[in-house]
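Biologist: Could you take me through one part of this model in some depth? I'd like a close look at a single sheet and whatever surrounds it, told as one connected story.

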Amino acid sequence: MTVSTPGLVCSHHHLYSGLARGMPAPPRTPETFLDILELVWWRLDRALDLETIEWCAKLGALEALERGCTAIIDHHESPNAIEGSLTVIADACDEVGVRVSCAYGVTDRHGPEGAAAGLAENDRYLGDGDGEGYVGLHAAFTCSDDTLAAAAEIAGNHGVGVHVHVAEGEGDTWERLLPYSDDDWLLIHGVHLPNDHGLRGTLVHNPRSNMNNSVGYGDPARFDNPVALGTDGIGADMLEEFRLAYVSSRTTDVTATPDLAWSWLATGWDLMPAARQDRVVWAAESDDPWWLAFTPGTSPLEVQIDGETVWEDGLPTLVDGDEIRTKASEAAQKMFRRLEEIEP
Ligand SMILES: [Zn+2]
């Protein structure tokens, strides 16, 4: 039995983290959320070059198709390979056939020059018309006031929003975004936001990542903002993320229904409307959220993007999936060797 849905949307991804699986263990066990950033992700992003980014993005796009996700809203950081990185990601996804919205996560962690280069890459990508996107900010707590203002200004110039992590852990200075936020912004996580935070934009909930980082449950139902679902870089299996969002909501409210989590998944179609035209045929008996919430492992049989079949009989049609997995694995090994040299 089969049902079909539009293409699913991952409203917050980090394609660059696709090769992190199998990476060498950090120098010590992270004990806090900041430790996880400093010992794992802020070392990994420094090991990225443009070639690695290309294979990360192709692998991530392939794995998205495999799970019926046809549109990815990506948030990227590669401090040693900033210029051109967003176009590499857009081209890689285009080759596989997946829609992508790109943003470079600007930060002052690497000094004002690093922040300027990140701002310039967002401005270049959006100005060159290489694809759709947002202006990215890592998070307020790693950005200067000037950087926050510049990001908002560049976004305004291009008529797009800002894609920024907000209150994922305790200690984020998210209040500094209040003068700038707008309805087209993407506010990622919001775990530690008060109910009446006052930020404008779509709140993107990433339940698996939040559990993995032990940052707490964000309970996004408490906000007035629209809510969407993302993976925060842990693949693009959006039905799985929907199921997690549902059971997470039940941990605090036994009356919460799968319809609520499904409405969050559906917000992705407001953010990337073109994905509504895509078609995914699933090996499932019903597309009712109650059915899907209790049908783990449902897989797509066919994926069409923009009328073209890009996934069929367990394989991509535009690219050689085995070649992508092999090349990505080789790129990962090279990156792991570079990573050994990078101090936290
Ligand atoms: Zn993220």
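Which residue stands opposite Gln304 of S13? Start from there and work outwards, please.

Modeller: Happy to, and keep in mind throughout that this is a predicted model. The residue you're after is Arg279, which stands opposite Gln304 in S13. Arg279 belongs to strand S12, residues 279-282, and S12 is joined to S13 by four bridges, with the two strands running antiparallel.

Now zoom out a notch. These two strands sit in an open sheet of five, ordered S1-S12-S13-S14-S15, and the pairing is antiparallel. The edges are taken by S1 (3-5) and S15 (315-316); each has a single partner strand, so one side of each is left without a neighbour in the sheet. For S1, the pairing with S12 is antiparallel and runs over three bridges. One pair to click on there is Thr5, whose bridge partner in S12 is Val280.

Going the other way from S13, you get to S14, residues 308-312, again antiparallel and again over four bridges. Val303 has Trp311 in S14 as its bridge partner. S13 and S14 form a hairpin with two residues between the strands, and Asp306 there takes a positive phi near 55 degrees. If you're scanning a Ramachandran plot, flag that one, as Asp306 is not a glycine. Asp306 lies in the loop between S13 and S14, and it counts as partly exposed because it has 14 C-beta neighbours inside 10 Å.

The other end of S13 has a loop too. Ser299 is in the stretch between helix H9 (289-293) and S13, which itself spans 300-305. Ser299 is partly exposed, with 14 other C-beta atoms within 10 Å. Ser299 and Ala283 are 16 residues apart along the chain, yet their C-alpha atoms are separated by 5.9 Å.

So what lies against the sheet? Helix H2 packs on the sheet, touching S13, S14 and S15, and the direction of H2 makes about 85 degrees with that of S14.

H2 has a helix for company as well. As a general point, two packed helices are described by the angle between their axes and the distance between the axes. For H2 and helix H3 (residues 85-96), the axes come within 8 Å and cross at roughly 35 degrees. The crossing of H2 past H3 is right-handed. On the H2 side, the contact involves Leu50, Ile53, Glu54, Ala57, Lys58, Ala61, Leu62 and Leu65; on the H3 side you'll find Ser85, Val88, Ile89, Ala92, Cys93, Glu95 and Val96. By type, the residues of this contact divide into eleven nonpolar, one polar and three charged.

That mix leads on to the core. In soluble globular proteins, nonpolar side chains tend to be buried together. Here, the largest nonpolar core has 99 residues, and the members that touch the most others are Ile72, Ile89, Cys93, Ala151 and Val166. Its largest share, nine residues, comes from H2, which covers residues 50-66. Cys93 is a handy one to select in your viewer: leaving aside neighbours within four places in sequence, Cys93 is in contact with Ala57, Ala61, Ile72, Val98 and Val100. Of those, Ala57 and Ala61 belong to the H2 side of the helix contact, and Ile72 is on the list of core members with the most contacts.

For contrast, there's another sheet to look at. It is open with six strands in the order S5-S7-S8-S9-S10-S11, and its pairing is parallel. Its edges are S5 (105-106) and S11, each with a single partner strand, so one side of each is left without a neighbour in the sheet. S5 pairs with S7 (residues 135-139) in the parallel sense over two bridges, and Gly105 stands opposite Gly136 in S7.

Over by S11, Ser214 deserves a flag like the one for Asp306: its phi is near 55 degrees, a positive value in a residue other than glycine. Ser214 lies in the loop between helix H6 (207-212) and S11 (227-229). Ser214 counts as exposed because it has 12 C-beta neighbours inside 10 Å.

Note on methods:
Residues are numbered from 1 along each chain as its sequence is written. This is a predicted model: local features need pLDDT of at least 70, side-chain atom pairs count only at pLDDT 80 or more; totals for chains, interfaces and linings use all residues. A residue is buried if 20 or more other C-beta atoms lie within 10 Å of its own, exposed if 12 or fewer, and partly exposed in between; C-beta atoms are placed from the backbone. A nonpolar core is a set of buried Ala, Val, Leu, Ile, Met, Phe, Trp, Tyr and Cys residues joined through C-beta atoms within 7 Å. Two residues are in contact if their C-beta atoms, placed from the backbone, lie within 7 Å. Two strands pair if DSSP finds at least two bridges between them. Axes are lines fitted to C-alpha atoms, for helices over the stretch in contact, and angles run from 0 to 180 degrees between N-to-C directions. A crossing is left-handed if the near helix is turned anticlockwise from the far one by less than a right angle, and right-handed if clockwise. Ala, Val, Leu, Ile, Met, Phe, Trp, Tyr, Cys and Pro count as nonpolar, Asp, Glu, Lys and Arg as charged, and the others, Gly among them, as polar.
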